[in-house]
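Reader: I am new to protein structures. Please take one part of this one, go through it closely, and then place it in its surroundings.

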Amino acid sequence: MRLRTIGLLLGVLAIFAVPVVGRAQTAIPAAEIIDKLTAADDTAPDVDVAALKQQAVDRIKAKADAQQVKRPLIAPQLTKLTQVRFDIQFDPDSSLIRPGSYGMIGSLADALSDPKLQPFKFLIVDHTESGGRRDANLTLSQRRADSIRDVLVSTFKISGKRLVALGLGEEQLQDANKPAAPVNARAQIIAFGKPDVVEPKPAAPAAAAKKGAAPAKKKR
């Protein structure tokens, strides 16, 4: 059974459990996600996730770039990487994913399970529209990115070693001219290079010697 189908079933079950928040959502087909993300380079991009998080916190504390429309991207290098933008719906001011979005996460899981994308790891980035407190938006976006990652790992069994979650709040508006536009709340999945390769251990000296030793003479 395809993972997107499992996602849709989970969404339907959640809708029955919590009927108020259930709403259908059109998911991006897994094949389309695969086509876009397979264009990624094998090499890991120069992105320090911890540094980006701290940079966002520091900028907000300093009350820098207060005007939304003039606020520069905090991580412009991310825009140059191979990626897919997608919608995940959450409850208001919450990291609880709405049932209608499970089909989208299932499509992501199908794509990440494809052999073409198996060698890669990915950055899951969440954003918020501009409005309210910037620090609260930053915290909320990180929790939402964590939620998407958690569902991919716990429900769809994607390896956690392949997924990194990053929330950028309203510090990286997708459309700075319209800070409150819904497009600014979209999430991204960005190809992030290959996981660290574990080099095979050299053969133990004894084993190597045994392997290279001359065959014993047969007894007559």
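Author: Start with a definition. A residue is buried when its relative accessible area is under 20%, exposed when it is over 50%, and partly exposed in between. Keep those cut-offs at hand. Note also that this is a predicted model.

The part to look at is the sheet. Begin with the whole chain, though. The protein has six helices and four strands. From the N terminus, the elements run α-α-α-β-α-β-α-β-β-α. Of its 220 residues, 42% count as buried. Now take contacts with a separation of 6 or more. Residues 24 or more positions apart account for 81% of them.

Now the sheet itself. Strands of a sheet pair through backbone hydrogen bonds, either parallel or antiparallel. Here the sheet is open, with four strands in the order β1-β4-β2-β3. Its pairing is mixed. Why do β1 and β3 each have a side without a neighbour in the sheet? Both stand at the edges: β1 covers residues 83-86, and β3 covers 163-167. Each has a single partner strand, so one side is left without a neighbour. The sheet also twists, by an average of 20 degrees from one strand to the next.

Look at β2, residues 122-126. It pairs with β4, residues 187-191, in the antiparallel sense. Four bridges join this pair. Find Phe 122 in the structure; its bridge partner in β4 is Ala 191. Then turn to the pairing of β2 with β3. That one is parallel, over five bridges. Leu 123 stands opposite Val 164 in β3. So is β3, an edge strand, mostly covered or mostly open? β3 is mostly covered, with four of its five residues buried.

Next, the helices on the sheet. Helix α2, residues 30-37, lies across β1, β2 and β4. α2 runs at about 145 degrees to β1. Helix α5, residues 134-154, packs on the sheet as well. α5 touches β1, β2, β3 and β4. Its direction makes about 160 degrees with that of β3.

Helix α5 leads on to a pocket. α5 gives the most to the lining of the largest pocket, with three residues. That pocket holds about 330 Å³ of space. Its lining has 17 residues. Ile 88, Phe 90, Glu 129, Arg 144 and Ala 185 lie nearest the centre. What classes make up the lining? There are six nonpolar, five polar and six charged residues.

Now walk the loops beside the strands. Gly 131 sits in the loop between β2 and α5. Its relative accessibility is 35%, so Gly 131 counts as partly exposed. Beyond its neighbours within four places in sequence, Gly 131 is in contact with Gln 68, Asn 137 and Glu 170. Gln 68 is 63 residues away in sequence, yet its C-alpha is 9.5 Å from that of Gly 131.

Move to the loop between β3 and β4. Glu 171 lies there. Is Glu 171 buried or exposed? Its relative accessible area is 1%, so Glu 171 is buried. Leave aside its neighbours within four places in sequence. Glu 171 still has many contacts to find, among them Ala 56, Arg 59, Ile 60, Arg 71 and Arg 134. Pro 72, Leu 73 and Ile 74 are also among its contacts.

Two more loops hold unusual backbone angles. Most residues other than glycine have a negative phi. Asp 65 is not a glycine, but its phi is positive, about 55 degrees. Asp 65 is found in the loop between α3 and β1. With a relative accessible area of 31%, Asp 65 is partly exposed. Lys 157 also has a positive phi, near 60 degrees. Lys 157 has its place in the loop between α5 and β3. Its relative accessible area is 65%, so Lys 157 is exposed.

One last stop is Asp 46. This residue is found in the loop between α2 and α3, where α3 spans residues 49-61. At 76% relative accessibility, Asp 46 counts as exposed. Asp 46 and Leu 78 are 32 residues apart along the chain. Their C-alpha atoms are separated by 9.6 Å.

Go back to the sheet now. Trace the order β1-β4-β2-β3 once more. Then find α5, touching β1, β2, β3 and β4.

Terms used: Residues numbered from 1 in each chain as written. Predicted model: local features only at pLDDT ≥ 70, side-chain atom pairs only at ≥ 80, totals over all residues. Heavy atoms only, no water. Pairing = 2+ DSSP bridges. Helix = DSSP H or I, 4+ residues; strand = E, 2+ residues; numbered from the N terminus. Axes fitted to C-alpha atoms, helices over the stretch in contact; angles between N-to-C directions. Contact = heavy atoms within 4.5 Å. 1 Å grid on protein atoms, 1.4 Å probe; cavity = no way out; pocket = protein on both sides within 12 Å on 5 of 7 lines; lining within 4 Å. Points joined across faces, edges and corners; volume = space filled by probe spheres on them. Nonpolar A, V, L, I, M, F, W, Y, C, P; charged D, E, K, R; others polar. Buried < 20%, exposed > 50% of the residue type's maximum accessible area, 1.4 Å probe, protein only.
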